[in-house]
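Biologist: I am new to this structure, and I would like to go through the terms used for it one by one. Could you show it to me and set each value beside its definition?

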Amino acid sequence: MFDRDDSAPVRSGERYDVKIENIASKGDGIARINGFVIFVPDTSVGDEVTITVNKVLEKFAFGEVAQ
């Protein structure tokens, strides 16, 4: 996948260590890097996980817990 916004602080395919801060209305965990929101499914508030970013949009990104 590709990055749509070069100003985003994350890049598709990269790994990041994050802490899940909140849960979105659809149940995905919410992490932030420099204020930029990343949705991470199958996580809970307080989880500290390494994620891989799958897709970056203008205002947020999607990631998954790295295997």
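What follows is a conversation in which each label is tested against its cut-off.

Modeller: This is a predicted model, in which local features need pLDDT of at least 70 and side-chain atom pairs count only at pLDDT 80 or more, while totals for chains, interfaces and linings use all residues. Residues are numbered from 1 along each chain as its sequence is written, and side-chain values use heavy atoms, with hydrogens and water left out.

Biologist: Why is the pair of glutamate 21 and arginine 32 called a salt bridge?

Modeller: A salt bridge requires a side-chain nitrogen of Lys or Arg within 4 Å of a carboxyl oxygen of Asp or Glu. The closest N and O atoms of glutamate 21 and arginine 32 are 2.8 Å apart, so the pair meets that limit. Glutamate 21 sits in the loop between strand S1 (15-19) and strand S2 (22-23), and arginine 32 in strand S3 (residues 29-33), 11 residues apart; strands here are DSSP runs (E, at least two residues), numbered from the N terminus. A search of the whole structure finds one salt bridge.

Biologist: What makes glutamate 21 partly exposed?

Modeller: Buried means under 20% relative accessible area and exposed over 50%, with partly exposed in between (1.4 Å probe, protein chains only). Glutamate 21 has a value of 42%, and therefore counts as partly exposed; arginine 32, at 38%, is also partly exposed.

Biologist: Why is threonine 52 called buried?

Modeller: Its relative accessibility is 16%, and because buried means a value under the cut-off already given, threonine 52 counts as buried. Threonine 50, at 31%, counts as partly exposed. Threonine 50 is found in strand S5 (residues 48-56), and threonine 52 is found in strand S5 too.

Biologist: What makes the link between threonine 50 and aspartate 17 a polar contact?

Modeller: A polar contact is a pair of N or O atoms within 3.5 Å, where within protein one must be able to donate a hydrogen and the other to accept it, and residues adjacent in sequence count only if both atoms are side-chain atoms. The side chains of threonine 50 and aspartate 17 are joined at 2.5 Å, so the distance satisfies the limit.

Biologist: Why is the pair of phenylalanine 39 and phenylalanine 60 called edge-to-face?

Modeller: Rings of Phe, Tyr and Trp (its six-membered ring) pair if their centres lie within 6.5 Å, and planes under 30 degrees apart count as stacked, over 60 as edge-to-face and the rest as tilted. A search of the whole structure finds three aromatic pairs. In the pair of phenylalanine 39 and phenylalanine 60, the centres are 5.5 Å apart with 80° between the planes, and therefore both conditions are met. Phenylalanine 39 lies in strand S4 (residues 36-40) and phenylalanine 60 in strand S6 (residues 60-65), so the pair ties together parts that are 21 residues apart in sequence. Ring pairs link Phe39, Phe60 and Phe62 into a cluster.

Biologist: How do you know that S3 and S4 pair?

Modeller: Two strands pair if DSSP finds at least two bridges between them. Five bridges join S3 to S4, which run antiparallel, so the requirement is met. Glycine 29, for instance, stands opposite valine 40 in S4. The open sheet has six strands in the order S1-S5-S6-S4-S3-S2, with mixed pairing, and its edge strands are S1 and S2, each pairing on one side only.

Methods. Helices (H or I, at least four residues) and strands (E, at least two) are DSSP runs, numbered from the N terminus.
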